[in-house]
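Thank you all for making the time this morning. I would like to walk you through one structure, and I would ask you to keep the view in front of you while I talk.

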Amino acid sequence: MAKGGSGYSEPTGGGRKPGAVNTEFILDMQSKLYRWSKAAPDKRFGDVFNLVSDRRTLNYAWRRMARNAGSKTPGTDGVGRIQVEQRSGGVERFLDEIEAQLRDGTYRPQPVRQRWIPKPGKPGRFRPLGIPTLKDRLVQMALKLVLEPIFEADFYPTSFGFRRGRSTHDAIATIQRQVNPGRWGDTRVTYVIEGDIKGCFDNIDHHRLMERVRRRITDRKVLRLVLAFLRAGIMVESTVRHPVAGTPQGGIISPLLSNIMLTAIEERYRRWTPGPYETVTSATQRRARDYNSGKATFYMVRYADDFVVLVSGPRAAAEAEKDALATFLREELRLELSPEKTLITDIREGFDFLGYRIVKKRSTRTGRFVCKLLIPLDRLQRLRDTIKGRTKRPSLRLSLSAIIDDLNPLILGWRTYYRHAMRARREFRKLDWWLWWRIYKWLRKKHPKTTRTVKRRFFQREPNGPMRWTEGNAGLRWFWEGATAPYPYRGTKITNGWDTIAEAWTGDRPTDFWPMLRLSAAV
C-alpha cells in the first residue's frame with residue numbers, strides 16, 4: 001500500500017454491486033493489506049480512507065452488521081435497523097448519506113447511549129454497556145475491515161482475544177503445551193503470574209493508543225476518525241459526558257484498538273515469547289540459553305485483557321517480575337495492575353483462566369507431571385444456580401416445551417465449551433442426574449393432581465435415541481451427549497484467512513482456508 005494510492009479504483013455504478021462481488025472485493029483487499037503489512041514490518045500505510053468510504057466496503061459492513069440481532073437496538077438517535085429498512089429509500093439511502101458524509105468530511109460520531117447490565121456470576125454487580133448509533137456502528141465496521149488486516153500482521157502468536165480463527169481454547173492449549181513435559185523431560189514452569197488490569201478498557205490512554213496507531217497509519221482522515229470515536233460522548237441520564245480515556249463503549253472497533261494497545265505487553269516478553277515475524281524455534285532456543293545460564297524466563301499468553309505469565313524460575317524472580325510489570329504498565333501504558341487480583345501461584349496448586357482450572361498434577365497412567373484442565377467448582381455451581389433461576393415457581397405458568405427451549409441453548413453451549421476438560425463426561429453425568437430431578441420436581445409442582453403420571457407422560461424415548469423429557473417436538477438435551485476429547489494444539493501460526501497454509505500452518509488443516517472463508521462470507 002503506497003502513500004500515493006490505495007491500489008483500488010472506484011467501481012462504476014457508485015459501488016452498488018451484488019453481495020458476492022462486494023465479498024470478493026473485501027477478501028481481496030484484506031488479503032493484500034495483510035501481505036503488504038507482513039512483508040514490511042516498518043511500512044506505514046497512507047490513503048486508506050478511500051477504502052473505508054468505498055461503497056463496496058460500506059455494503060459489506062452493512063451485511064455483516066445486519067446479521068447481528070443487536071442491529072435492531074437504536075442508539076441515541078432512536079434509529080435501528082428496522083427503522084432504516086422501513087423508511088423511504090431504505091438501506092440504499094442510508095448508505096448514500098454515510099458515504100457522502102465521509103467523503104465531504106461532515107461525518108461526526110454521535111454520543112453513545114449507556115446502559116447498565118448485570119455482571120455474569122456476580123449478583124448485585126453491574127457493568128456499563130455502550131450502544132452507539134447505527135450509523136456509527138456501520139462506520140466502525142468499515143474502519144475495522146480496513147485496519148484489522150494491517151495490524152494483524154503485528155500481533156503476537158500468543159495473543160488470542162478478538163482475532164480471526166483464534167479462540168479461548170487455543171489460548172488454554174498453548175498454556176497446556178508449555179506446562180506438559182517435553183521430549184527433554186518435565187516442564188520448567190514453576191509459577192504463574194495471573195495478570196489483572198484495573199478497568200483496562202475504560203482506562204486506555206488515548207495519546208498512547210494513537211501513538212501506536214500512527215506506527216502503521218499515516219492517513220490523516222483515518223487518524224481523525226479513530227480519535228473522534230475515542231472522544232465520542234457518553235449519554236448518561238440525558239447528560240453527555242466526554243471521556244478522557246478508554247476505548248468506545250460497545251464499539252465494534254474497540255477490541256481491535258485494545259489489542260493494538262496491549263500488544264505492548266507481548267513486546268515486553270519478546271525475548272522468550274515467539275514474535276510475529278520469527279519462528280517459534282528462535283524463542284525456544286533463547287529461553288533454553290537463559291535458563292541454562294541461571295536466568296529466569298517468562299512466557300506470556302493473553303486473551304484480550306486477561307493474561308498469564310508462565311515463570312520458569314524461583315518465586316523471587318516471579319515477585320520481581322510482577323513488580324516490574326506493574327511499573328511497565330504504569331509508565332509505558334498508563335494502566336494499573338491490580339495488586340489484589342494479580343496473584344503469583346504455584347503451578348502445582350493451579351489457577352483459573354478463561355473459565356478452566358489449570359493445574360499441574362501427576363498422571364495416574366505415566367506417573368509424570370502433566371497439565372490438567374478441570375471444570376472449576378464455582379462454574380458448576382453457577383450453572384446450577386442459573387438453571388434453578390429459570391425453573392423457580394414463577395416459571396410454572398410456562399409449558400414444559402418453553403422451559404426446554406430455554407434450557408437447551410444453555411446446555412449445548414456449556415457442554416461444548418467444557419467438553420475438553422479432564423473427566424468432563426463424569427461431571428456431565430452428575431449434572432444430568434441433578435437436572436433430571438430438577439425437571440421432575442418442577443413437573444410435580446406444575447401438575448400437583450397427576451404427580452404419579454408425570455414421568456410416564458413427559459419422560460419418553462426418542463426414536464433411535466435416549467430417554468429424555470419431552471413435550472410436543474421439544475426434547476431436553478443431556479450434557480453427556482456432547483462428545484469429550486482433548487482440544488488439539490494448533491501451533492503458534494493459526495491461519496486467519498488472509499494468509500496461505502504455507503505462511504500459517506495449523507497442523508490439522510490440510511487444505512486452503514480460502515474456499516471455506518469465501519463460502520461462509522457469501523452466506
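I will begin with the domains, then go through a sheet and its helices, and end with a pair of helix packings.

Before anything else, please bear in mind that this is a predicted model. The domain assignment divides the protein chain into domain 1, covering 19-153 + 206-244, domain 2, covering 164-203 + 265-374, and domain 3, covering 377-475. If we take the C-alpha centres of domain 1 and domain 3, they lie 41 Å apart.

Let me turn to the sheet. Four strands make up this open sheet, and if you read across it the order is 6-7-3-8, with antiparallel pairing. Strand 6, at 297-303, and strand 8, at 343-346, each have a single partner strand and therefore stand at the edges, with one side of each left without a neighbour in the sheet. On average, and ignoring direction, neighbouring strands here are turned by 20 degrees against each other.

I would like to stay with strand 6 for a moment. Strand 6 runs antiparallel to strand 7, residues 306-312, and seven bridges join the two. Along that pairing, Phe298 stands opposite Val311, and Met300 stands opposite Val309. The two strands form a hairpin with two residues between them, and in the turn Ala304 has a positive phi of about 60 degrees.

Now, which residues of strand 6 point one way, and which the other way? In a regular strand the side chains alternate between the two faces of the sheet. Here, Thr297, Tyr299, Val301 and Tyr303 point one way, whereas Phe298, Met300 and Arg302 point the other way, and all of them are buried. Because seven of the seven residues of strand 6 are buried, the strand is largely enclosed by the rest of the structure, even though it stands at an edge of the sheet.

What lies across strand 6 and strand 7? That is helix 7, residues 168-179, which runs at about 165 degrees to strand 6. Helix 12, residues 315-333, also packs on the sheet, where it touches strand 3 (191-195), strand 6, strand 7 and strand 8, and its direction makes about 20 degrees with that of strand 3.

For the last part, please move your view to helix 6, residues 134-152, and to helix 5, residues 90-104, which packs with it at an angle of about 65 degrees, the axes being 11 Å apart. The two helices are therefore roughly perpendicular to each other, and helix 5 passes helix 6 in a right-handed crossing. On the helix 5 side, Phe94, Leu95, Ile98, Gln101 and Leu102 meet Leu134, Lys135, Leu138 and Val139 in helix 6.

Helix 6 also packs with helix 9, residues 220-230, where the axes come within 12 Å and cross at roughly 130 degrees. That angle makes helix 6 oblique to helix 9, and here the crossing is left-handed. The residues making this contact are Asp136, Val139, Gln140, Leu143 and Leu147 of helix 6, together with Val222, Leu225, Val226 and Phe229 of helix 9.

One further residue of helix 6 is Leu145: is it buried or exposed? Its relative accessibility is 2%, so Leu145 counts as buried. Beyond its neighbours within four places in sequence, Leu145 is in contact with Met29, Gln30, Thr57, Tyr60, Ala61 and Arg64.

Conventions. Residues are numbered from 1 along each chain as its sequence is written. This is a predicted model: local features need pLDDT of at least 70, side-chain atom pairs count only at pLDDT 80 or more; totals for chains, interfaces and linings use all residues. Side-chain values use heavy atoms; hydrogens and water are left out. Two strands pair if DSSP finds at least two bridges between them. Axes are lines fitted to C-alpha atoms, for helices over the stretch in contact, and angles run from 0 to 180 degrees between N-to-C directions. Contact means heavy atoms within 4.5 Å. Buried means under 20% relative accessible area, exposed over 50%, partly exposed in between (1.4 Å probe, protein chains only). Domain bounds come from an automatic or database domain assignment. Angles under 35 degrees count as roughly parallel, over 145 as roughly antiparallel, 65 to 115 as roughly perpendicular and the rest as oblique. A crossing is left-handed if the near helix is turned anticlockwise from the far one by less than a right angle, and right-handed if clockwise.
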